[in-house]
Amino acid sequence: MQDSVIAWPADRRWPVTDVTLATFRAAGLRFAVPVERIQEVLGEQALEPVPRAPSAVAGLINLRGQILAAIDLRRRLGLAPRPPELAETHLIVRSGSNLESLVVDLPDEVVTLDDTTPAPVPDTIPSSMVPYLTAAHETVDSLVLVLDLDLVLAVAERGVGSDNDRVGD
């Protein structure tokens, strides 16, 4: 398969030469967000369902008395559902002055990237995911897809009663 080069808008280019990212896995892909946005990493949590919430909202979790929306990254990006035998991981992330839970498959590692040039995104990456990415970087062992965390979490701010999860809808 050929790689396709995404024309990254000027306002979405990585603004620094060295960036430290927390990486994690979902649906066999390696994603990342700036490490300073992660507060903590938790294993499976009891989820309280939210009636009429957008499909990406997996539910609510109670983090030491604070109620957080849990956004399932697989659902948000339109990826295959998590197999029942695969435990989920909750990344507690900062969203402005709030905390949210980003539900992923597995935490990975913290990496520092020093190249600001985005890599080509392979054709195997669904085009529906591209709006949620700020960059793609090739490392020695994999492609790291850097998420626009604010856009991924924006579904939690839309409130209940909407199933409109896609960018541009």
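Student: What pLDDT do residues 1-10 have in the model?

Tutor: This is a predicted model, where local features need pLDDT of at least 70 and side-chain atom pairs count only at pLDDT 80 or more, while totals for chains, interfaces and linings use all residues. pLDDT is the predictor's confidence in each residue, on a scale from 0 to 100. Over residues 1-10 it stays under 50, and the model has 19 contacts there beyond four places in sequence; a contact means heavy atoms within 4.5 Å. Residues 159-169 also have a pLDDT below 50, with 30 contacts beyond near neighbours in sequence. Across the protein chain the average is 83, and 79% of the residues score at least 70. Residues are numbered from 1 along each chain as its sequence is written, and side-chain values use heavy atoms, leaving out hydrogens and water.

Student: How many helices and strands does the protein chain have?

Tutor: There are 2 helices and 12 strands. Both are DSSP runs numbered from the N terminus: helices are H or I with at least four residues, and strands are E with at least two. In sequence order the pattern reads β-β-β-β-β-β-α-β-β-β-β-β-β-α.

Student: Why does Arg76 count as buried or exposed?

Tutor: Look at the cut-offs: buried is under 20% relative accessible area, exposed is over 50%, and partly exposed lies in between (1.4 Å probe, protein chains only). Arg76 has 4% relative accessibility, so it counts as buried. You will find Arg76 in helix 1, residues 73-77. Its C-alpha lies 4.9 Å from that of Ala56, although the two are 20 residues apart in sequence. For the protein chain, 45% of the 169 residues count as buried.

Student: What makes strand 11 largely enclosed by the rest of the structure?

Tutor: Strand 11 covers residues 133-138, and 5 of its 6 residues are buried, so the rest of the structure largely encloses it.

Student: How do you know that strand 11 and strand 12 pair?

Tutor: Two strands pair if DSSP finds at least two bridges between them. Strand 11 and strand 12 (residues 143-147) have 5 bridges in the antiparallel sense, so they pass that cut-off. Glu138 stands opposite Leu143 in strand 12. The two strands form a hairpin, with 4 residues between them.

Student: Why do strand 4 and strand 5 stand at the edges of the sheet?

Tutor: The open sheet has 5 strands in the order 4-7-8-6-5, with mixed pairing. Strand 4 (38-42) and strand 5 (57-63) each have a single partner strand, so one side of each is left without a neighbour in the sheet. Inside this sheet, strand 6 (residues 66-72) and strand 8 (residues 98-104) run parallel, joined by 3 bridges. There Ala70 stands opposite Ser101 in strand 8.

Student: Which residues touch the most other members of the largest nonpolar core?

Tutor: A nonpolar core is a set of buried Ala, Val, Leu, Ile, Met, Phe, Trp, Tyr and Cys residues joined through side-chain atoms within 4.5 Å. The largest one has 31 residues, and Phe24, Phe31, Leu73, Leu102 and Leu147 touch the most other members. Helix 2 (residues 149-157) gives the largest share of this core, 4 residues. Another core of 9 residues lies apart from it, including Leu42, Leu68, Ile92 and Val103.

Student: Which residues does Leu147 touch?

Tutor: Not counting residues up to four places away in sequence, its partners include Phe24, Phe31, Leu73, Tyr132 and Val152.
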